[in-house]
Amino acid sequence: MFPALEVKGMLTEYIDAALERAEYEIIEDDEPYYGAIPQLKGVWATGKTLEECRRNLKEALEGWIIIRLQRGLAIPPIGQYCITEPKGFAANG
């Protein structure tokens with residue numbers, strides 16, 4: 001398997017595992033569905049429906065991962081899944 005494909009598979013598994021740990025609640029807001037991943041500080045989203053909230057949460061998680069990689073910040077493991085900066089990764093690219 002090519003290294004890029006291995007990373008993509010690992011990333012997908014990490015995201016899926018994180019979303020399985022999401023917690024949802026209904027709040028008083030124009031977008032009443034609120035979702036967060038408690039193990040990942042700052043990863044939350046809202047939506048007008050539960051499905052919209054889930055989609056928004058996935059997008060928020062993806063953006064959170066990208067920013068942390070760009071800044072060289074650690075990404076907490078989720079279950080058995082870890083994301084680490086690849087060797088030779090240039091964070092300023």
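Helices and strands here are DSSP runs, a helix having at least four residues and a strand at least two, numbered from the N terminus. Counted that way, the protein chain comes to 2 helices and 3 strands. Keep in mind that this is a predicted model. Reading from the N terminus, the elements go α-β-β-β-α, with H1 covering 3–20, E1 covering residues 23–26, E2 and E3 covering 33–36 and 44–47, and H2 covering residues 50–71. Of the chain's 93 residues, 25% count as buried. As for how the chain folds back on itself, take the contacts between residues at least 6 apart in sequence: 34% of them join residues at least 24 apart.

Let's start at the far end, with H2. This helix has 22 residues, and at 1.5 Å a residue it should span 32 Å; its end C-alpha atoms turn out to be 31 Å apart, so the two numbers agree. Which residues of H2 are buried? They are Cys53, Leu57, Leu61, Trp64, Ile65 and Leu69. Looking down the axis of H2, you'd find these buried residues within an arc of 140°, so they line one face of the helix. Once H2 is over, the next thing along is Gly72, which takes a positive phi of about 70°.

That buried face leads to the core. The largest nonpolar core has 18 residues, and those with the most contacts inside it are Tyr14, Ile37, Leu40, Leu61, Trp64 and Ile65. H1 and H2 each supply at least two residues of this core. Leu61 makes a handy place to look around from: leaving out residues up to four places away in sequence, it touches Ile15, Ala18, Leu19, Ile37, Leu40 and Val43.

Now hop over to Ile37, which sits in the loop between E2 and E3. Is Ile37 buried or exposed? With a relative accessible area of 1%, where under 20% is the cut-off, Ile37 counts as buried. Setting aside residues up to four places away in sequence, Ile37 touches Ala18, Leu19, Ala22, Val43, Leu57 and Leu61. Two C-alpha distances help place this loop residue. Glu23 is 14 residues from Ile37 in sequence and 6.3 Å away in space, while Glu20 is 17 residues away along the chain, with 8.8 Å between the C-alpha atoms. Glu20 itself belongs to helix H1, and at 65% relative accessibility it counts as exposed.

One of the residues that Ile37 touches, Ala22, lies in the loop between H1 and E1. Ala22 is buried, since its relative accessible area is 14% and the cut-off is 20%. Beyond its neighbours up to four places away in sequence, Ala22 touches Ala36, Ile37 and Leu57. The C-alpha atoms of Ala22 and Ala36 are 5.4 Å from each other, although 14 residues separate the pair along the chain.

Strand E1 offers a contrast in Ile26. Despite being an isoleucine, Ile26 is exposed, with a relative accessible area of 62%. Apart from neighbours within four places in sequence, Ile26 is in contact with Pro32 and Tyr33. Its C-alpha atom is 9.9 Å from that of Thr49, a residue 23 places along the chain.

What about charges? Side chains of opposite charge can pair when their charged atoms come close. How many salt bridges does a search of the whole structure find? The search turns up 1. The partners are Glu51 and Arg54, whose side chains meet at 2.8 Å, N to O. Both residues lie in helix H2, 3 residues apart, about one turn of the helix. Glu51 is partly exposed, at 43% relative accessibility, and Arg54 is partly exposed too, at 35%.

Last, the cysteines. The structure holds 0 disulfides. Cys53, on the buried face of H2, has a relative accessible area of 0% and is buried. Cys82, at 42% relative accessibility, counts as partly exposed.

Methods: Residues are numbered from 1 along each chain as its sequence is written. This is a predicted model: local features need pLDDT of at least 70, side-chain atom pairs count only at pLDDT 80 or more; totals for chains, interfaces and linings use all residues. Side-chain values use heavy atoms; hydrogens and water are left out. The expected span of a helix is 1.5 Å times one less than its number of residues. Buried means under 20% relative accessible area, exposed over 50%, partly exposed in between (1.4 Å probe, protein chains only). The arc is that of the directions from the helix axis to the C-beta atoms. A salt bridge is a side-chain nitrogen of Lys or Arg within 4 Å of a carboxyl oxygen of Asp or Glu. A nonpolar core is a set of buried Ala, Val, Leu, Ile, Met, Phe, Trp, Tyr and Cys residues joined through side-chain atoms within 4.5 Å. Contact means heavy atoms within 4.5 Å. A disulfide is a pair of cysteine sulfur atoms within 2.5 Å.
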